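Here are my notes on the model you sent round. Please read them with the structure open.

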Amino acid sequence: MTSSGRSSYSLREITERFGGEVAGDHSVKVSRVATLETAAAGDIAFLTNERYLAQLKVTRADAVIVGEAARGATRLPRIVCANPYAYFAKVSALFNPERTLRPGIHSSAVVDPGATVARDAEIGPFAVIARNARIGAGCLIGPGSCVGEGATIGAGTRLQANVTIYHGCVIGERALLHSGVVIGADGFGFAQEAGSWIKIPQTGKVIIGDDVEIGANTTVDRGTLDDTVIEEGVKLDNQIQVAHNVRIGAHTVIAAFAGIAGSARIGKRCRLGGGCGIAGHITIADDIVVSPFTLVGKSIAEQGTYTGIYAFEPHSEWRQNAAHLRHLSEMAKRIRALEQKSKQPKRSKP
Amino acid sequence: MTSSGRSSYSLREITERFGGEVAGDHSVKVSRVATLETAAAGDIAFLTNERYLAQLKVTRADAVIVGEAARGATRLPRIVCANPYAYFAKVSALFNPERTLRPGIHSSAVVDPGATVARDAEIGPFAVIARNARIGAGCLIGPGSCVGEGATIGAGTRLQANVTIYHGCVIGERALLHSGVVIGADGFGFAQEAGSWIKIPQTGKVIIGDDVEIGANTTVDRGTLDDTVIEEGVKLDNQIQVAHNVRIGAHTVIAAFAGIAGSARIGKRCRLGGGCGIAGHITIADDIVVSPFTLVGKSIAEQGTYTGIYAFEPHSEWRQNAAHLRHLSEMAKRIRALEQKSKQPKRSKP
Amino acid sequence: MTSSGRSSYSLREITERFGGEVAGDHSVKVSRVATLETAAAGDIAFLTNERYLAQLKVTRADAVIVGEAARGATRLPRIVCANPYAYFAKVSALFNPERTLRPGIHSSAVVDPGATVARDAEIGPFAVIARNARIGAGCLIGPGSCVGEGATIGAGTRLQANVTIYHGCVIGERALLHSGVVIGADGFGFAQEAGSWIKIPQTGKVIIGDDVEIGANTTVDRGTLDDTVIEEGVKLDNQIQVAHNVRIGAHTVIAAFAGIAGSARIGKRCRLGGGCGIAGHITIADDIVVSPFTLVGKSIAEQGTYTGIYAFEPHSEWRQNAAHLRHLSEMAKRIRALEQKSKQPKRSKP
């Protein structure tokens with residue numbers, strides 16, 4: 001959780017850090033990022049979409065970040081760059097640094113003598129670090145978070161409050177795990193025998209790469225025999241479920257409530273919409289886009305966007321239309337019959 | 001978590017508190033609410049739906065709460081009122097008061113010296129109250145709950161066990177947050193650059209109004225630049241996801257698993273069904289009803305109920321019918337062709 | 001979380017425990033289970049599906065578990081049994097025993113003097129056991145887990161880290177609850193009055209049978225007046241929502257993100273797919289299978305599999321086809337009109 005030191009930077013200082021070019025007065029100092037609409041004095045705003053050109057005319061920002069195409073669209077001091085949205089992200093991070101760690105182990109935390117904790121890590125109140133766990137340099141383990149036996153947390157990774165990492169799991173460097181995240185709970189595996197279910201021990205672990213962010217209350221299960229793997233740069237929103245033995249390729253982003261069933265493989269740089277589902281044991285190639293609420297039941301090899309959404313409508317119309325869904329097969333037959341009939345030569349009695 | 005003091009009240013005492021009129025013996029004392037079906041001696045039951053009139057005849061309750069229309073439908077002592085269900089809620093609250101707080105800070109809790117805690121608040125074991133946080137009068141901060149730096153909890157609000165409030169967030173008065181709730185985790189915002197994702201700092205906060213209830217494991221993300229806002233009287237079920245910069249209007253109720261994507265605006269007094277989805281950046285007017293499992297992809301301005309559900313059927317029939325969904329466009333064309341053909345004058349050779 | 005003692009067993013020893021028959025060298029010792037594909041020396045693999053017969057030929061396992069049909073399909077030492085998958089589960093449990101408890105109450109835990117804790121139970125750091133709670137023999141209460149007032153945890157049950165059990169709830173024996181599980185939060189019940197919502201006290205509890213497993217971040221709400229009940233042997237995956245007054249029959253398995261609305265009754269031995277929804281107040285008979293993502297809006301009495309999935313397709317095709325969904329009713333009328341027309345005698349002028 002952060003503190004709010006507020007420093008100001010001139011446009012020249014900013015471009016020295018992040019590139020781009022200043023047009024207009026490069027000595028203008030700004031200390032906050034804002035939208036064109038809400039910006040006030042001291043703020044730098046940004047234009048990422050030509051739809052907002054009208055707002056650019058009237059913004060109260062002291063400066064703006066624009067793309068090459070909008071270089072001439074304002075007389076405000078401006079930074080012209082290739083990717084204004086990414087530039088905005090960097091400037092915002094400059095103005096809103098993560099809060100500085102308070103190195104050390106809180107007196108209330110329980111750290112097993114067999115655990116290894118980097119000297120400059122911050123271990124919060126009521127954190128639990130189990131035997132043989134390793135906490136890397138510059139880590140934050142938030143209040144109430146638990147790191148299980150033999151688990152590893154890479155350098156610079158932050159666990160917010162009330163995060164749970166089960167035994168043996170491996171988290172990469174510079175990851176950010178939000179509150180309520182559970183990594184490494186047992187995958188859902190049972191064998192049926194005589195009408196009841198025998199638990200299959202889940203003996204794999206979860207391996208998470210560098211620079212991964214995982215949203216609040218998301219769960220990633222450990223593998224059955226092999227591991228569940230999330231590659232570097234993956235970004236998971238809140239309340240996602242990643243089942244056992246799944247592999248998610250690097251730099252894939254997944255929105256809230258997406259569910260990835262067991263042993264599915266998701267490619268690199270995919271984008272999965274909120275509430276979508278990926279069936280077990282299938283493979284989604286690199287760079288695939290899945291729409292929200294879409295259930296993908298078969299492997300996808302070909303690049304593109306895939307969708308399966310029942311579009312909403314007023315309830316009374318839905319009732320009328322949806323009723324026919326159960327007769328589509330019959331409707332298709334009736335159309336075929338009509339077509340057959342219409343092809344037959346008309347017999348006309350002479 | 002409650003205690004169960006059991007007091008009894010006469011019908012007269014109850015109507016003195018909550019209004020309504022006693023028909024029959026107003027000295028009858030009751031100490032528990034129950035359904036018509038399960039009621040026993042000492043219980044007061046309630047009739048909210050004429051479907052249950054048969055149960056009214058045979059209930060073992062000592063008294064009942066009924067509407068005007070059912071005044072004559074029983075000879076049991078009864079309270080006649082305008083809204084039996086709301087009346088039942090009030091009587092139940094009378095019989096089942098929330099457990100009395102035990103004011104004070106548990107010896108194990110970690111309260112920053114810079115935090116402000118009302119003298120009559122109860123701070124449970126292993127709670128963490130960070131710097132500059134403010135806990136109002138009559139608050140409960142349950143075991144293991146964390147209140148981040150500078151966050152504010154309004155008077156009379158209860159956080160059950162293991163709730164997390166991030167820095168700077170503001171919770172109104174008389175709110176109830178259930179276990180596992182996470183308020184103020186980072187919104188899901190990244191800018192793409194050169195095939196990977198740059199985090200956009202989420203510098204807004206979450207502001208929650210008075211009399212809001214939030215179910216277990218629900219998550220509400222902080223805004224990117226502006227705030228995420230939940231207005232007064234909103235009721236959120238379990239496992240809901242509210243993304244950054246969303247605004248939910250007063251007295252709206254939302255069932256479990258609903259997902260509200262970034263910057264969506266939900267009106268007042270809406271009812272959103274379980275598992276529904278609201279797309280980002282759209283506006284839902286006041287008093288709209290969204291059916292369960294329905295994805296709303298466009299703004300809704302006109303009052304009504306909106307639905308987009310694929311109705312279930314036996315699997316083999318679904319297989320047959322669903323296959324035709326992928327040919328609907330073609331089917332429509334074939335129907336049009338048949339219609340064209342049928343309009344053509346039939347040429348009959350003489 | 002576990003430790004990894006590694007013991008080895010001969011095939012003979014294994015069949016003495018679990019039955020089945022050794023074919024080939026019964027003195028071969030194995031110490032790990034593995035898939036045919038990844039097995040190495042010292043491993044026993046298993047064949048559950050004839051699709052993997054090719055892998056059986058080349059596996060590096062020292063032994064395999066096979067069904068009667070595959071008895072002759074390999075010359076490796078093998079255990080022949082009726083149900084290789086269940087057999088594998090048992091052997092894996094033998095090789096991967098749950099970690100031994102460390103009986104006792106951690107010095108940091110807060111146990112109310114009025115609680116009852118079995119002497120051989122393990123109460124982890126920062127656990128909270130409230131007044132009148134009862135923790136049975138051989139229980140594990142993980143770090144940060146809370147057991148509310150008067151709640152009961154049956155013998156041999158394990159709560160992983162950060163589990164919350166509300167007051168009065170009853171958990172059976174040998175249950176396993178994963179991190180983030182919340183049992184007994186208030187059901188979602190409100191009565192409307194004058195445009196706002198009055199809370200209906202949720203005075204029932206949750207009763208969970210023996211041998212139940214509940215996945216990470218799953219929530220089970222307490223009943224309004226009666227109880228919410230999960231019968232013995234039920235297995236719930238992660239992030240499931242079970243609303244108030246639901247009853248789930250014995251040995252039913254439910255995959256992630258399933259939502260069971262209030263007062264629904266699910267039969268015994270059902271299988272509910274991930275992301276499915278069961279409407280409130282309906283009844284699902286025993287042995288029903290519900291497909292993933294399917295919303296069941298009406299009771300189901302007849303055995304079988306039920307499905308309501310909008311099959312996905314490339315987005316551009318979906319756009320074309322889905323548009324016609326809103327005209328299905330009209331399409332049906334047009335087909336009927338064509339049929340009427342085609343039945344009329346063709347008038348041909350002589």
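The points below cover symmetry, strands, one loop residue and a chain contact.

1. Status of the model. This is a predicted model. Please read every point below with that in mind.

2. Symmetry. Chain C superposes on chain A after a rotation of 120 degrees, with 0.0 Å of shift along the axis and an RMSD of 0.0 Å. That is how a three-fold axis relates copies. For chain C on chain B, the rotation is again 120 degrees, the shift along the axis 0.0 Å and the RMSD 0.0 Å.

3. A covered strand in chain A. How many residues of strand β6 (residues 63-67) of chain A are buried? Five of its five are, and the strand is described as mostly covered. Both faces of β6(A) are covered. On one side sit A63(A), I65(A) and G67(A), all buried. On the other side are V64(A) and V66(A), buried as well. In a regular strand, side chains alternate between the two faces of the sheet.

4. Neighbours of that strand. β6(A) pairs with strand β5 (residues 43-46) of chain A in the parallel sense, over three bridges. Within this pairing, F46(A) stands opposite I65(A). Between the two strands the chain crosses through helix α2 (residues 53-58) of chain A. This β-α-β crossover is right-handed. β6(A) also pairs with strand β7 (residues 78-81) of chain A, in the parallel sense and over four bridges. Here G67(A) has C81(A) in β7(A) as its bridge partner. To trace this part by eye, start at I65(A), which is buried and stands opposite F46(A). Then go to G67(A), also buried, and across to its bridge partner C81(A).

5. Strands in chain C. Strand β21 (residues 182-185) of chain C pairs with two strands named here. With strand β18 (residues 164-165) of chain C, the pairing is parallel and has two bridges. I165(C) stands opposite I183(C) there. With strand β26 (residues 219-221) of chain C, the pairing is parallel and has three bridges. V182(C) has T219(C) in β26(C) as its bridge partner.

6. A loop residue in chain B. S299(B) lies in the loop between β38 (295-296) and β39 (305-307) of chain B. Why does S299(B) count as partly exposed? Because it has 14 C-beta neighbours inside 10 Å, and a residue needs 20 or more to be buried, or 12 or fewer to be exposed. Leaving aside residues up to four places away in sequence, S299(B) touches I282(B), T283(B) and I284(B). I282(B) is 17 residues from S299(B) along the chain, yet their C-alpha atoms are separated by 4.9 Å.

7. The contact between chains C and A. Each chain is well represented in the counts: 65 residues come from chain C and 65 residues from chain A. On the chain C side, the elements giving two or more residues are α3 (84-95), β40 (313-314), α4 (315-325) and α5 (328-343). α5(C) gives the most, with seven residues. By type, that side divides into 30 nonpolar, 26 polar and nine charged residues.

8. Strand pairing across chains. Which strand of chain A pairs with β40(C)? Strand β39 (residues 305-307) of chain A does, in the antiparallel sense and over two bridges. Y306(A) has P314(C) in β40(C) as its bridge partner. β40(C) is also among the elements listed for the side of chain C that touches chain A.

Methods: Residues are numbered from 1 along each chain as its sequence is written. Chains are lettered from A and ligands numbered from 1 in the order in which they are written. This is a predicted model: local features need pLDDT of at least 70, side-chain atom pairs count only at pLDDT 80 or more; totals for chains, interfaces and linings use all residues. Copies are superposed by least squares on the C-alpha atoms of residues with pLDDT of at least 70 in both. Two strands pair if DSSP finds at least two bridges between them. A crossover is right-handed if, with the strands pointing away from the viewer, the path from the first strand over the helix to the second runs clockwise. Two residues are in contact if their C-beta atoms, placed from the backbone, lie within 7 Å. Ala, Val, Leu, Ile, Met, Phe, Trp, Tyr, Cys and Pro count as nonpolar, Asp, Glu, Lys and Arg as charged, and the others, Gly among them, as polar.
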